[in-house]
Amino acid sequence: MSYFKNPQLKDQYSYTSDNTPNSELITTNKVRLVGEIFEGTTIDSSFWLNRVSTGTVAQTGSEMILTSGTANAHYAELWTVQRAVWVAGSSNKFRAQLRFGDSGTTDVARRWGVGWVSGSASTVITDGAYFKLSGTALSVNTMRATTETSVASGSFNGTYTAPTLTNNNVYEILYTLSKVFFLINNVIVHTATFSTTHWTSGTINFNAFADVNNTGNSSAVTMTMRAMNIARLGLEATSPTYKRITGATTTTLKLSGGFLHAIVVNTAGTLCTVYDQTTAAVPIIGIIDTNKTSGVVGGIEYHLPFYNGLVIVTTNAATDITVIYE
């Protein structure tokens, strides 16, 4: 009898699998972070934001349709309200199914992918990774501090077969801290590697977005999406930390996105305001009056993500709470 040892498993990204010391294969979950299905004909403002200038964003037939304007500087934009929070030790993946009403039109640029949307008024992104169809030219792009690095389809370093743009295709972006993989219909078309300078300057917590922009006069053309989301390739929750807060004070617990598990009321008789922000400013997660927590010491469970930071303001010298978060 001969003994054969299987080689270490590798996936299409050339990443290897790991086992525990007990020879058990380590696996993980995929958790959707942002992006919802397009149900009905009303855009759900709890999950999606949009902005237009002559162009339109319309939801119909379980699809979202972005239509360009017809003159220079016209646009139609769509992006997620929330950002996909990055957790150290994992990676995130953007996925969209979409088709175009044409094979590319002069003076119209269309983008779809991940980006840090600057403010809540438009998809003016400062950092991100995305596909772009400018005229008839397809490219993949990364952006750092508003500077775009673009790779045209003729220079892709993966396996590339030009998709039929008028058909529904699946576009994915797997982004890690050192590499960004661009896939079309489950095939890696290009891998961007960043050995020295990081590919993003300010954040790794991104919105999913899509937009259509006129760079000159054109006919009205469409971009039709069946889905757009970002998922974490990893667990939803990780090992949390805690902070005990006493007295009347403003406490900054985190300067980026995370997960709020619970607030334990050690001593009743205080008011505290919980902010999803890096300062005591909106948005507010909740305002807790511990006098109304049934008069007993106990925990208030949240189990929800925050996207910007975590700040708690307490207003009573008798405050004694413990915040459990990550």
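Okay, let's start with a quick one: is Trp199 buried or exposed? Trp199 is buried, at 1% relative accessibility. I'll come back to that residue when we get to the rings.

Before that, the overview. What you have up there is a predicted model, so keep that in mind throughout. The average pLDDT for the protein is 91, and 94% of the residues score at least 70. The part I'd leave alone is residues 1–6, where the pLDDT drops below 50. That stretch also makes 0 contacts in the model beyond its near neighbours in sequence.

On to the fold. There are 23 strands in this protein and 0 helices. If you box up the C-alpha atoms along the principal axes, you get roughly 75 × 65 × 40 Å. The chain has 326 residues, and 48% of them count as buried. Now look at the contacts with a sequence separation of 6 or more: 69% of those are between residues 24 or more positions apart. As for the surface, the protein exposes about 15,600 Å², with carbon and sulfur atoms supplying 50% of that.

Right, rings. Searching the whole structure turns up 16 aromatic pairs. The one I'd zoom in on is Trp112 with Tyr171, an edge-to-face pair with 5.2 Å from centre to centre and 75° between the planes. Trp112 sits in strand E7, residues 108–117, while Tyr171 sits in strand E11, residues 169–175. That puts the two partners 59 residues apart, so this pair links distant parts of the chain. How accessible are they? Trp112 is buried, with a relative accessible area of 0%, and Tyr171 is buried with 0% as well.

Then there's Phe194 with Trp199, the residue from my opening question. Their ring centres are 6.4 Å apart and the planes meet at 40°, so that pair counts as tilted. For those of you who like cut-offs, pairing needs centres within 6.5 Å. Phe194 and Trp199 also belong to a cluster: ring pairs link them up with Trp86, Tyr175 and Phe206.

Next, charges. How many salt bridges does the structure hold? The count is 10, and I'll walk you through a few of them.

Take Arg51 and Glu77. Their side chains meet at 3.0 Å, N to O. Arg51 is in strand E2 and Glu77 is in strand E5, residues 75–80, with their positions 26 residues apart in the chain. On the accessibility side, Arg51 is partly exposed at 28%, whereas Glu77 is buried at 3%.

Another one is Glu63 with Arg99, where the closest N and O atoms are 2.7 Å apart. Glu63 lies in strand E4, residues 63–67, and Arg99 in strand E6, residues 92–100, so this bridge ties together parts 36 residues apart in sequence. Glu63 is buried at 13%, and Arg99 is partly exposed at 24%. There's a third player here too: Arg226 joins Glu63 and Arg99 in a network of salt bridges.

And then Glu148 with Lys132, again a salt bridge, at 3.0 Å from N to O. Glu148 belongs to strand E10, residues 147–152, and Lys132 to strand E8, residues 125–134; the two are 16 residues apart. Here Glu148 is partly exposed at 32%, while Lys132 counts as buried at 17%.

Let me pick out one loop residue, Glu36. Where does Glu36 lie? You'll find it in the loop between strand E1 (30–34) and strand E2 (48–53). Glu36 is partly exposed, with a relative accessible area of 28%. Leaving aside residues up to four places away in sequence, Glu36 touches Phe47, Trp48 and Met228. If you want a distance to check in your viewer, the C-alpha atoms of Glu36 and Asp18 are 32 Å apart, with the residues 18 positions apart along the chain.

Last stop, the surface. Leu271, Val282, Ile284 and Ile287 form a nonpolar patch there, with about 360 Å² of accessible area together. Leu271 is in strand E19, residues 271–275, and it counts as partly exposed at 34% relative accessibility.

That's my tour, thanks everyone.

Definitions and conventions: Residues numbered from 1 in each chain as written. Predicted model: local features only at pLDDT ≥ 70, side-chain atom pairs only at ≥ 80, totals over all residues. Heavy atoms only, no water. pLDDT = per-residue confidence, 0-100. Contact = heavy atoms within 4.5 Å. Patch = residues over 30% accessible without salt bridge, like charges linked within 9 Å, V, L, I, M, F, W, Y side chains within 5 Å. Areas by Shrake-Rupley, 256 points an atom, 1.4 Å probe, with all protein chains shown as cover. Salt bridge = Lys/Arg side-chain N within 4 Å of Asp/Glu carboxyl O. Helix = DSSP H or I, 4+ residues; strand = E, 2+ residues; numbered from the N terminus. Buried < 20%, exposed > 50% of the residue type's maximum accessible area, 1.4 Å probe, protein only. Phe/Tyr/Trp six-rings, centres within 6.5 Å; stacked < 30°, edge-to-face > 60°.
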